Amino acid sequence: MCPTIVNNVETLCNVKHIVEMGAEQYTKLGTPNNTGTRLISLSGDVKQPGYFEIETGKVTLGELIYDENFGGGVRDGNGLQAIIPGGSSSKVLRAGETFPIGEDEVDLLDVPYDFDTLMKIGTMSGSGAIIVIDDSRNIVECLANLAEFYAHESCGQCTPCREGSLWMNKALHRMTHGGARTEDAEYLLHIAQNIQGRTVCAFGEACSWPVLSFVNKFKHEFEAKSLNTTDKETASTP
Ligand code: SF4
């Protein structure tokens, strides 16, 4: 037997602060109920991708993307199209969206980065891995990329995840390579809805939430791809 401990880097960062300042002082960082610090991994279409440590809830999504101390803005002068706020399984947020928070209607960029607020707006801060998608990206290809990863990673124990992740990957592949069917956008939603809540581990949600959120929030883009069936042969079921 070889005892092994695997620590999350974020945990080690938290411990360092707690040892140095004491637990009481540490919990004064951040905001009530969302105390302490978080490590943010900022990637995608920003000028300054990297790791950043923030006080939980004291920095907004807009600051994380545009502030010179963080992402420094969207690269190549492009506009913002979407944000994946907490790892690839978190539900995508569309630029220009607003959310009722307290008594206000808050723009996406003004949403504070903390656990509770992101949950309130229908997604999660999860791993703290923020992926920025600019408006030069084909959003269907972005989801196809994620779906390929999840189809590969499913361990195969549960039928909904094993089969569903492959079917979603297959549908997205034909939407991006030709041969899509007119019903493919709805088909994706149908599969994802039948995976979540029906699997042994949370991977079922992890692979279905991106599909549900991308297709629902970018319906027009996915429907347009579904209609693009003319150049290649129509795919067979599923
Ligand atoms: S949900 Fe988890 S246990 Fe089930 S097939 Fe997917 S990865 Fe395996």
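**Entry 1: the sheet**

In what order do the five strands of the open sheet run? I looked this up in a predicted model. The order is S4-S3-S9-S5-S6, and the pairing is mixed. I then checked the edges. Strand S4 (50-55) and S6 are the edge strands, and each pairs on one side only. I kept a general point in mind: strands of a sheet pair through backbone hydrogen bonds, either parallel or antiparallel.

I began at the S4 edge. S3 and S4 pair in the antiparallel sense, and I found six bridges between them. One bridge puts Leu 42 opposite Gly 50 in S4. The link from S3 to S4 is a hairpin through five residues.

Next I went to S5. How many of its five residues are buried? Five are, and I noted S5 as mostly covered. On one partner, S9 (residues 129-134), S5 makes four bridges in the antiparallel sense. On the other, S6 (residues 93-94), two bridges join the strands, again antiparallel.

I looked for named bridge partners along S5. Ile 83 stands opposite Val 132 in S9. Ile 83 also stands opposite Leu 93 in S6. Ala 82 has Arg 94 in S6 as its bridge partner.

**Entry 2: the whole chain**

I stepped back to the chain. I counted nine helices and nine strands. The C-alpha trace spans about 65 × 55 × 35 Å along its principal axes.

Does the radius of gyration point to a compact globule, or to something extended? For 238 residues, a compact globule would have a radius near 18 Å; the chain has 20 Å, so the two agree. Burial came next. Of the 238 residues, 36% count as buried. I also looked at contacts between residues at least 6 apart in sequence. Of these, 66% join residues at least 24 apart.

**Entry 3: the two domains**

Where do the domain bounds fall? The assignment gives domain 1 as 37-134 and domain 2 as 139-226. Their C-alpha centres lie 23 Å apart. The contact between them takes eight residues from domain 1 and nine from domain 2. I sorted the domain 1 side of that contact by residue type. It divides into three nonpolar, three polar and two charged.

**Entry 4: the ligand shell**

Which residues are around the ligand? I listed Ser 154, Cys 155, Gly 156, Gln 157, Cys 158, Cys 161, Arg 162, Thr 199, Val 200, Cys 201, Phe 203 and Gly 204. Two elements give two or more residues to this shell: helix H6 (159-177) and helix H8 (203-217). By type, the shell residues divide into six nonpolar, five polar and one charged.

**Entry 5: Gly 36**

I picked out Gly 36, in the loop between strand S2 (34-35) and strand S3 (37-44). Is Gly 36 exposed, partly exposed or buried? I found 19 C-beta neighbours inside 10 Å, so Gly 36 counts as partly exposed. The cut-off for buried is 20 or more.

I then left out residues up to four places away in sequence and listed what Gly 36 touches. The list is Asn 14, Tyr 26, Thr 27, Leu 29, Gly 30 and Thr 56. I also checked Gly 36 against Gly 204, a residue of the ligand shell. The pair is 168 residues apart in sequence and 30 Å apart in space, C-alpha to C-alpha.

**Entry 6: two positive phi angles**

I scanned the backbone angles last. Most residues other than glycine have a negative phi. I noted two residues that do not follow this.

Asn 33 has a positive phi of about 75° although it is not a glycine. Asn 33 sits in the loop between strand S1 (30-31) and S2. With 10 C-beta neighbours inside 10 Å, Asn 33 counts as exposed.

Asp 76 has a positive phi too, of about 60°, and is not a glycine. Its loop runs between helix H3 (61-66) and strand S5 (80-84). Is Asp 76 buried or exposed? Asp 76 is exposed, because 9 other C-beta atoms lie within 10 Å. The strand after that loop reads the other way: S5 is mostly covered.

Note on methods
Residues numbered from 1 in each chain as written. Predicted model: local features only at pLDDT ≥ 70, side-chain atom pairs only at ≥ 80, totals over all residues. Near = placed C-beta within 6 Å. Nonpolar A, V, L, I, M, F, W, Y, C, P; charged D, E, K, R; others polar. Rg over C-alpha atoms; globule rule 2.2 N^0.38 Å. Buried ≥ 20, exposed ≤ 12 C-beta atoms within 10 Å, placed from the backbone. Contact = placed C-beta atoms within 7 Å. Domains from an automatic or database assignment. Pairing = 2+ DSSP bridges.
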